[in-house]
Amino acid sequence: MSGGSARPKRRRAAGAALRYEHRREGPAASGAGKKRGRDRVFGCLMLPAFLAFLAPVILTEMYWGDDLWGDFAPSWPGGAYGFAATVGALVPLDFALFVTPLTRMNWKRSRSRSLAWAAASLPGLVGGWFIAGVISATWRPKRHRDWDADCHGRGGPCWVHDEFPYLWAAGLVATVAVSALLIVVLVAYVKRRDAGTGPATRPSTSAPPADPPPRSPSRTSGRRRPG
């Protein structure tokens, strides 16, 4: 009898504990649900944003890639290698043009100025799209079966690599050289700025030394002649 009477009491206590825990975790569960909803919305927006970011690159490659490398690049000073070196030199310059305004942004200090600096970085972003499209126009497919007539046509990726096999070297050397030059200029600018804003020398607060006391006739300073 004692064992049968103890079982219902344990069940009722467990049920009350479960109800208490359920009420306690209710707000946390709702907050977690809202967070999952925001994560889903963010995940759904990532793909359209990524496609919108790549759209200018794809359009540049599709509509101007063949004309740039087939007609414009060979007539550039230095030929296609000179054009590749120019494009390679523009990569770090455009990156600096895009990043430098963004480093001046400070939303806590001024939102209007931050928006102005963000707008100032847009030319660098547009230039980066164009440069990426020009470079991607020289990427030929990895598989040989995908090398169709457009790939071997004048200005196509396969044609570019066949006519100018060291095109990538010219662009890479120019990118490294201009990047090194920008780093040297930046280091010199930082050193000059730090030297100009260094700790100023404090003015001397010590008073000039006092005049020595008059010497007595016996040539002993500060002493009286014995009477």
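Let's start with Arg 140, which counts as partly exposed at 34% relative accessibility. This arginine sits in the loop between helix 5 (122-136) and helix 6 (149-152). Please keep in mind that the model is predicted. The protein as a whole has eight helices and zero strands, and 19% of its 227 residues count as buried. The points below go from Arg 140 to the overall fold, then to the aromatic pairs, the salt bridges, the surface patch and helix 8.

**Around Arg 140**

- Leaving aside residues up to four places away in sequence, Arg 140 touches Trp 147, Cys 151, Pro 157, Cys 158, His 161 and Asp 162.
- Gly 156 is 16 residues away from Arg 140 along the chain, and the C-alpha atoms of the two are separated by 8.2 Å.

**The overall fold**

- Followed along the sequence, the pattern reads α-α-α-α-α-α-α-α.
- Among contacts in the protein with a separation of 6 or more, 59% are between residues 24 or more positions apart.
- The protein exposes about 18100 Å², and carbon and sulfur atoms supply 64% of that area.

**Aromatic pairs**

- How many aromatic pairs are there? The count comes to six.
- One of them joins Phe 72 and Phe 83 edge-to-face, with 5.7 Å centre to centre and 85 degrees between the planes.
- Phe 72 lies in helix 2 (residues 26-72) and Phe 83 in helix 3 (residues 79-103), so this pair ties together parts that are eleven residues apart in sequence.
- The two partners have their own accessibility values: Phe 72 is partly exposed at 39% relative accessibility, while Phe 83 is buried at 7%.
- Tyr 81 and Phe 164 also form an edge-to-face pair, with 5.8 Å between the centres and 85 degrees between the planes.
- This second pair links distant parts of the chain, 83 residues apart: Tyr 81 is in helix 3, and Phe 164 is in the loop between helix 7 (157-163) and helix 8 (167-196).
- Here, too, each ring has its own value, with Tyr 81 partly exposed at a relative accessible area of 30% and Phe 164 buried at 14% relative accessibility.
- Ring pairs also link Trp 69, Phe 72, Trp 76 and Phe 83 into a cluster.

**Salt bridges**

- The count of salt bridges comes to two.
- Arg 154 forms a salt bridge with Asp 71, and the closest N and O atoms are 3.5 Å apart.
- Arg 154 lies in the loop between helix 6 and helix 7, and Asp 71 in helix 2, so this salt bridge ties together parts that are 83 residues apart in sequence.
- Is Arg 154 buried or exposed? Arg 154 is exposed, with a relative accessible area of 52%, whereas its partner Asp 71 counts as partly exposed at 49% relative accessibility. The cut-off for exposed is over 50%, so these two values fall on either side of it.
- Arg 193 and Asp 194 have side chains that meet in a salt bridge, at 3.9 Å from N to O.
- Arg 193 is partly exposed at 44% relative accessibility, and Asp 194 is partly exposed as well, with a relative accessible area of 43%.

**A nonpolar patch on the surface**

- Which residues form the nonpolar patch on the surface? They are Ile 58, Leu 59, Met 62, Tyr 63 and Trp 64, which together have about 570 Å² of accessible area.
- Tyr 63, one of the residues in this patch, is found in helix 2.
- At 54% relative accessibility, Tyr 63 counts as exposed.

**Helix 8**

- Helix 8 has 30 residues and reaches 44 Å from its first C-alpha to its last.
- That span is close to the 44 Å expected at 1.5 Å a residue.
- Buried residues in helix 8 include Leu 167, Ala 170 and Gly 171.
- Ala 174, Thr 175 and Val 178 of helix 8 are buried too.

Technical notes. Residues are numbered from 1 along each chain as its sequence is written. This is a predicted model: local features need pLDDT of at least 70, side-chain atom pairs count only at pLDDT 80 or more; totals for chains, interfaces and linings use all residues. Side-chain values use heavy atoms; hydrogens and water are left out. Rings of Phe, Tyr and Trp (its six-membered ring) pair if their centres lie within 6.5 Å; planes under 30 degrees apart count as stacked, over 60 as edge-to-face and the rest as tilted. Helices (H or I, at least four residues) and strands (E, at least two) are DSSP runs, numbered from the N terminus. Buried means under 20% relative accessible area, exposed over 50%, partly exposed in between (1.4 Å probe, protein chains only). Patches are made of residues with over 30% relative accessible area and no salt bridge: like charges are joined within 9 Å, nonpolar side chains (Val, Leu, Ile, Met, Phe, Trp, Tyr) within 5 Å. Accessible areas come from the Shrake-Rupley method with a 1.4 Å probe; for residues, only the protein chains shown count as cover. A salt bridge is a side-chain nitrogen of Lys or Arg within 4 Å of a carboxyl oxygen of Asp or Glu. The expected span of a helix is 1.5 Å times one less than its number of residues. Contact means heavy atoms within 4.5 Å.
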